[in-house]
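Here are some notes to read alongside the model, written for someone meeting it for the first time. Each point takes up one place or one feature, so feel free to look at them one by one.

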Amino acid sequence: MNALDLLYSARMVDAAEAERLGLVRRLPAEDFQHNVQAIARNMVTASSPRSITSFKRQVFQSFFQSLAEHGP
């Protein structure tokens, strides 16, 4: 439900709310690169490449569209 709320409203959230919603997580400064690489590796191995490509394309294209172009 949180994802739909953010998608439909396009509202901005601050860091505290993003963390509460599970959109970001705090990583310790030590082993930061290792932790980031582990997250990226998990995304690559647990997600469909086609889904990731489609999602990235849609997000990128939305940067160049007006609200009216997004449709109902």
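1. Let us start at V24, which sits in the loop between α2 and α3; helices here are DSSP runs of H or I with at least four residues, strands are runs of E with at least two, and both are numbered from the N terminus. V24 is partly exposed, at a relative accessible area of 42%. On this scale buried means under 20% relative accessible area, exposed means over 50%, and partly exposed lies in between, with a 1.4 Å probe and protein chains only. Setting aside residues up to four places away in sequence, V24 touches A15, A18 and E19, where contact means heavy atoms within 4.5 Å.

2. Before going further, a word on what you are looking at. This is a predicted model, in which local features need pLDDT of at least 70 and side-chain atom pairs count only at pLDDT 80 or more, while totals for chains, interfaces and linings use all residues. Residues are numbered from 1 along each chain as its sequence is written, and side-chain values use heavy atoms, with hydrogens and water left out.

3. How confident is the predictor? The score is pLDDT, the predictor's confidence in each residue, from 0 to 100. The protein has a mean pLDDT of 82, and 93% of its residues reach 70 or more. Among its elements, helix α3 (residues 32–46) has the highest mean, 86, and helix α1 (residues 2–9) has the lowest, 77. As a general caution, predicted coordinates should not be read in detail where pLDDT is low.

4. Helix α1 is also the place of L4. This leucine counts as partly exposed, at 40% relative accessibility. Between L4 and G22 there are 14 Å in space, C-alpha to C-alpha, and the two are 18 residues apart in sequence.

5. Next comes R11, in the loop between α1 and α2. R11 is partly exposed, with a relative accessible area of 33%. Beyond its neighbours within four places in sequence, R11 is in contact with D5, L6 and E17. R11 and Q61 are 50 residues apart in sequence, and their C-alpha atoms are 18 Å apart in space.

6. How many salt bridges does the structure hold? There are two, a salt bridge being a side-chain nitrogen of Lys or Arg within 4 Å of a carboxyl oxygen of Asp or Glu. In general, side chains of opposite charge can pair when their charged atoms come close. One of the bridges joins the side chains of R11 and E17, at 3.0 Å from N to O. E17 counts as buried, at 19% relative accessibility.

7. The side chain of E17 also meets that of R20 in a salt bridge, at 3.6 Å from N to O. R20 and E17 are three residues apart in helix α2 (residues 15–20), so about one helical turn separates them. R20 is exposed, with a relative accessible area of 62%. Through shared partners, the salt bridges join R11, E17 and R20 into one network.

8. D31 deserves a look at its backbone. Most residues other than glycine have a negative phi. D31 is not a glycine, yet its phi is positive, at about 60°. This aspartate lies in the loop between α2 and α3 and is exposed, with a relative accessible area of 54%.

9. Moving on to helix α4 (residues 49–62), we find I52 there. I52 is partly exposed, with a relative accessible area of 33%. Apart from neighbours within four places in sequence, I52 is in contact with M43 and S47.

10. Helix α4 also holds V59, which is partly exposed at a relative accessible area of 32%. Which residues accompany V59 in a nonpolar patch on the surface? They are F55, F60, F63 and F64, and the patch has about 590 Å² of accessible area together. Patches are made of residues with over 30% relative accessible area and no salt bridge, with like charges joined within 9 Å and nonpolar side chains (Val, Leu, Ile, Met, Phe, Trp, Tyr) within 5 Å. Accessible areas come from the Shrake-Rupley method with a 1.4 Å probe, and for residues only the protein chains shown count as cover.

11. Finally, the aromatic rings. Rings of Phe, Tyr and Trp (its six-membered ring) pair if their centres lie within 6.5 Å; planes under 30 degrees apart count as stacked, over 60 as edge-to-face and the rest as tilted. By this rule there is one aromatic pair. The ring centres of F60 and F64 are 5.1 Å apart and the planes stand at 65°, so the pair is edge-to-face. F64 is exposed, with a relative accessible area of 61%.
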